[in-house]
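Student: I should like to learn how sheets and cysteines are read in a model of this kind. Could we begin with the cysteines?

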Amino acid sequence: MTDTTDHAPGALAQCKLSVNEYAQPLVERLCRHANALKVAVRRDELGVRIIDAGVQAPGSVEAGLIVGEICMGGFGSVALRSGAVDGWPTWLEVRSSQPVLACLASQYAGWSLSASKEETGGKRFFALGSGPARALAAKEALYGELGYKDRAERSVLVLEVDRAPPAVVLQKVLRDCGLAGESLTVILTPTASPTGTTQVVARVLEVALHKSHEMGFNLADVVEGMATAPLPAPSPDGVEAMGRTNDAILYGGRVHLWVRGADAAARDLAQRLPARNSRDHGRCFADVFKAVEYDFYKIDPALFAPAEVWVTSLDSGATWHAGGLEMPLLQQQWLRDA
């Protein structure tokens with residue numbers, strides 16, 4: 001497949017849509033129904049609105065669905081599908097008619113935020129920020145490739161952490177986004193919570209888009225994206241919780257992309273995209289993570305992909321299929337005998 005990313009214009013170069021503006025009604029909905037959604041809302045000393053969606057507050061699956069849509073900048077839908085399909089009772093359905101904008105310009109957890117023990121006055125802090133605030137700061141090289149930078153007066157950042165970020169990190173976010181404290185909302189979603197588990201599994205389409213980008217597929221040719229993945233129960237153990245959410249995508253994720261361009265490129269995308277192309281395929285993610293001594297950068301990047309892929313060319317009408325679900329592996333990990 002020919003890599004077109006070096007000479008093609010950014011996939012979002014002409015995009016005037018604002019992920020921050022579209023996400024704000026969802027943020028306000030989360031705050032307005034905080035009690036019903038089992039989240040807690042407060043203001044910190046900087047005026048930043050902090051939404052606890054699983055640290056001290058219990059959080060909920062419903063909150064996770066909303067946070068998933070917030071992460072997508074309001075340009076995607078995340079919904080539950082019930083029924084014992086493919087051997088699991090509850091699935092997430094994710095859709096977007098702006099998949100590159102929703103998944104890569106907003107949802108992808110690509111903003112590295114950290115603070116040393118000296119800066120925090122205690123414990124070191126590290127998190128990867130996701131959501132619309134990334135597009136205001138545009139600190140990642142990805143934004144130069146996409147040709148996109150948002151402008152807005154209010155913003156929201158999602159952090160998969162089990163404690164609130166220290167003031168030094170929030171000050172950096174405010175500075176890089178050009179915001180006053182009261183204009184920023186930060187949502188805390190530990191993976192071990194119902195909210196966290198749900199919003200991570202809701203990244204099944206984003207995982208496919210990110211892998212497509214890493215493969216050199218022309219993102220401007222991606223038109224529509226649909227995906228499903230099984231929703232596991234949260235685990236109180238952080239590593240196991242992370243393992244379950246990753247496994248849900250790697251072995252239970254099913255993605256359908258509608259694209260334009262040459263049939264050869266669409267067929268190649270379908271063949272190369274599934275997680276089965278990784279040398280680590282077939283092992284639960286928690287075991288892989290432990291084997292590399294908890295160093296993400298030692299994991300085969302090809303593993304971060306959905307289990308099953310369908311790619312449809314809107315130019316020719318042809319569809320290609322590759323990969324397949326590995327539900328027995330998930331059932332072995334998640335189910336117990338009654």
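Tutor: We may start with C103, bearing in mind that this is a predicted model. The closest cysteine sulfur to that of C103 belongs to C71 and lies 11 Å away, which is too far for a bond.

Student: What distance does a disulfide require?

Tutor: The two cysteine sulfur atoms must be within 2.5 Å. The structure holds zero disulfides. C177 is likewise in no disulfide, its nearest cysteine sulfur being that of C71, 14 Å away.

Student: Is C103 buried or exposed? And is C177 buried or exposed?

Tutor: Burial is assigned to a residue under 20% relative accessible area. C103 is buried because its relative accessible area is 0%. C177, at 9% relative accessibility, also counts as buried.

Student: Let us turn to the sheets. In what order do the strands of the sheet containing β1 lie?

Tutor: A sheet is read strand by strand, from one edge to the other. Here six strands form an open sheet with mixed pairing, in the order β1-β2-β8-β7-β6-β5. Its edge strands, β1 (40-43) and β5 (111-115), each pair on one side only. On average, neighbouring strands of this sheet are turned by 25° against each other, direction ignored.

Student: Which helix packs on this sheet?

Tutor: Helix α3, residues 61-71, packs there and touches β6, β7 (155-159) and β8 (184-188). The direction of α3 makes about 120° with that of β7.

Student: How many bridges join β5 to β6?

Tutor: Five bridges join these strands, which run antiparallel, with β6 spanning residues 125-130. Within β6, A127 is the bridge partner of L113, and G129 is that of W111.

Student: Which residues of β5 lie on its covered face, and which on its uncovered face?

Tutor: W111, L113 and A115 form the covered face, whereas S112 and S114 form the uncovered one.

Student: What is the strand order in the sheet that contains β3?

Tutor: This open sheet has six strands in the order β3-β4-β9-β10-β11-β12, and its pairing is mixed. At its edges are β3 (77-85) and β12 (319-323), each of which pairs on one side only. Its neighbouring strands are turned by 15° against each other on average, direction ignored.

Student: In which sense do β10 and β11 pair?

Tutor: Strand β10 (residues 254-259) pairs with β11 (residues 308-313) in the parallel sense, over six bridges. The bridge partner of W258 in β11 is T312. Helix α11, residues 238-252, packs on this sheet and touches β4 (88-96), β9 (222-230) and β10. The directions of α11 and β9 make an angle of about 115°.

How values were computed. Residues are numbered from 1 along each chain as its sequence is written. This is a predicted model: local features need pLDDT of at least 70, side-chain atom pairs count only at pLDDT 80 or more; totals for chains, interfaces and linings use all residues. Side-chain values use heavy atoms; hydrogens and water are left out. Two strands pair if DSSP finds at least two bridges between them. Helices (H or I, at least four residues) and strands (E, at least two) are DSSP runs, numbered from the N terminus. Axes are lines fitted to C-alpha atoms, for helices over the stretch in contact, and angles run from 0 to 180 degrees between N-to-C directions. Contact means heavy atoms within 4.5 Å. Buried means under 20% relative accessible area, exposed over 50%, partly exposed in between (1.4 Å probe, protein chains only).
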